[in-house]
Amino acid sequence: TLANILATREYVICAATQSIAARINDASFAYPAGVDELTTVDFTPVASTLVAPPRIAESPVALECRLHQVVPHGEGPGAASYIIGEIVLVHVDEAVLVDGLPDERLMHLVARMGADRWSRVDPSVVFDLSRPTTPPR
């Protein structure tokens, strides 16, 4: 992923949901260069609007991004890079919109936590907290 982003300076971030988690995990295999992970794990690529990489049709939200900066962090097996980008276009499935905004409670989002562990956003633990319209006391 990092090599592709460095080469093209563009990428798409797609929301991970429970229904596609296994395929997302399968796509994380270290495939050789030139292998299209999306079609290998049966995702449906959809042409992006402003960037070259495709988005995934099965994801309810996709962020088209252009690279701003890569920040290397650490050395050895635990090393990583922070990829900082500018979101240039957002795609949202109308099925997850409430009053014109994406509602995480409708998406069944998941996240890789580390090692082989994943977490699920449980709608029962999501709550609303309105931003203040006046300064706090």
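## Exercises on a predicted model

At 2% relative accessibility, Cys65 counts as buried; the exercises below start from this residue and concern a model that is predicted.

**Exercise 1. Determine how many disulfides the structure holds, and explain the result for Cys14 and Cys65.**

Step 1. A disulfide is a covalent bond between the sulfur atoms of two cysteines, and the working criterion is a pair of cysteine sulfur atoms within 2.5 Å.

Step 2. For the sulfur of Cys65, the closest cysteine sulfur is that of Cys14, at 9.6 Å, and because this is too far for a bond, the two are not joined.

Step 3. The structure therefore holds 0 disulfides, and Cys14 is in no disulfide, its nearest cysteine sulfur being that of Cys65.

Step 4. As to surroundings, Cys14 has 24% relative accessibility and so counts as partly exposed, whereas Cys65, at 2%, counts as buried.

**Exercise 2. Work out in which order the helices and strands follow one another, and describe the chain as a whole.**

Step 1. The chain contains 3 helices and 9 strands, and read from the N terminus these elements run α-β-α-α-β-β-β-β-β-β-β-β.

Step 2. The C-alpha trace spans about 55 × 35 × 35 Å along its principal axes, and of the 137 residues in the chain 22% are buried.

Step 3. Among contacts with a separation of 6 or more, 51% are made by residues 24 or more positions apart.

Step 4. The chain exposes about 9800 Å², of which carbon and sulfur atoms supply 55%, while the mean positions of its 10 positive and 17 negative charges lie 7 Å apart.

**Exercise 3. Find where Arg9 and His108 are placed, and state what is notable about their phi angles.**

Step 1. Most residues other than glycine have a negative phi, which is the background for the values that follow.

Step 2. Arg9, although not a glycine, has a positive phi of about 65°; this residue sits in the loop between helix H1 (2–8) and strand S1 (10–14), and its relative accessible area of 44% makes Arg9 partly exposed.

Step 3. His108, which is not a glycine either, has a positive phi of about 55°; its place is the loop between strand S7 (101–102) and S8, and with a relative accessible area of 46% His108 is partly exposed.

**Exercise 4. Establish in what sense strands S8 and S9 pair, and what phi Ala115 takes in their hairpin.**

Step 1. Strand S8 covers residues 110–114 and strand S9 residues 117–120, and the two pair in the antiparallel sense over 4 bridges.

Step 2. One of the residues involved is Val110, whose bridge partner in S9 is Arg120.

Step 3. The hairpin has 2 residues between the strands, and within this hairpin Ala115 takes a positive phi near 50°.

**Exercise 5. Decide whether Thr17 is buried or exposed, and which residues are in contact with Thr17 beyond its sequence neighbours.**

Step 1. Thr17 is found in the loop between S1 and helix H2 (21–27), and its relative accessible area of 3% is under the 20% limit, so Thr17 is buried.

Step 2. When neighbours within four places in sequence are left aside, Thr17 is in contact with Ile24, Pro60, Met107, His108, Leu109 and Val110.

Step 3. Of these partners, Val110 is 93 residues from Thr17 along the chain, yet the C-alpha atoms of the two are separated by 5.2 Å.

Step 4. Val110 also links this exercise to the previous one, as the bridge partner of Arg120, and His108 links it to Exercise 3 through its positive phi.

Key:
Residues are numbered from 1 along each chain as its sequence is written. This is a predicted model: local features need pLDDT of at least 70, side-chain atom pairs count only at pLDDT 80 or more; totals for chains, interfaces and linings use all residues. Side-chain values use heavy atoms; hydrogens and water are left out. Buried means under 20% relative accessible area, exposed over 50%, partly exposed in between (1.4 Å probe, protein chains only). Two strands pair if DSSP finds at least two bridges between them. Contact means heavy atoms within 4.5 Å. Accessible areas come from the Shrake-Rupley method with a 1.4 Å probe; for residues, only the protein chains shown count as cover. Lys and Arg count as positive and Asp and Glu as negative; His and the chain ends are not counted. The place of a charge is taken as NZ of Lys, CZ of Arg, CG of Asp or CD of Glu.
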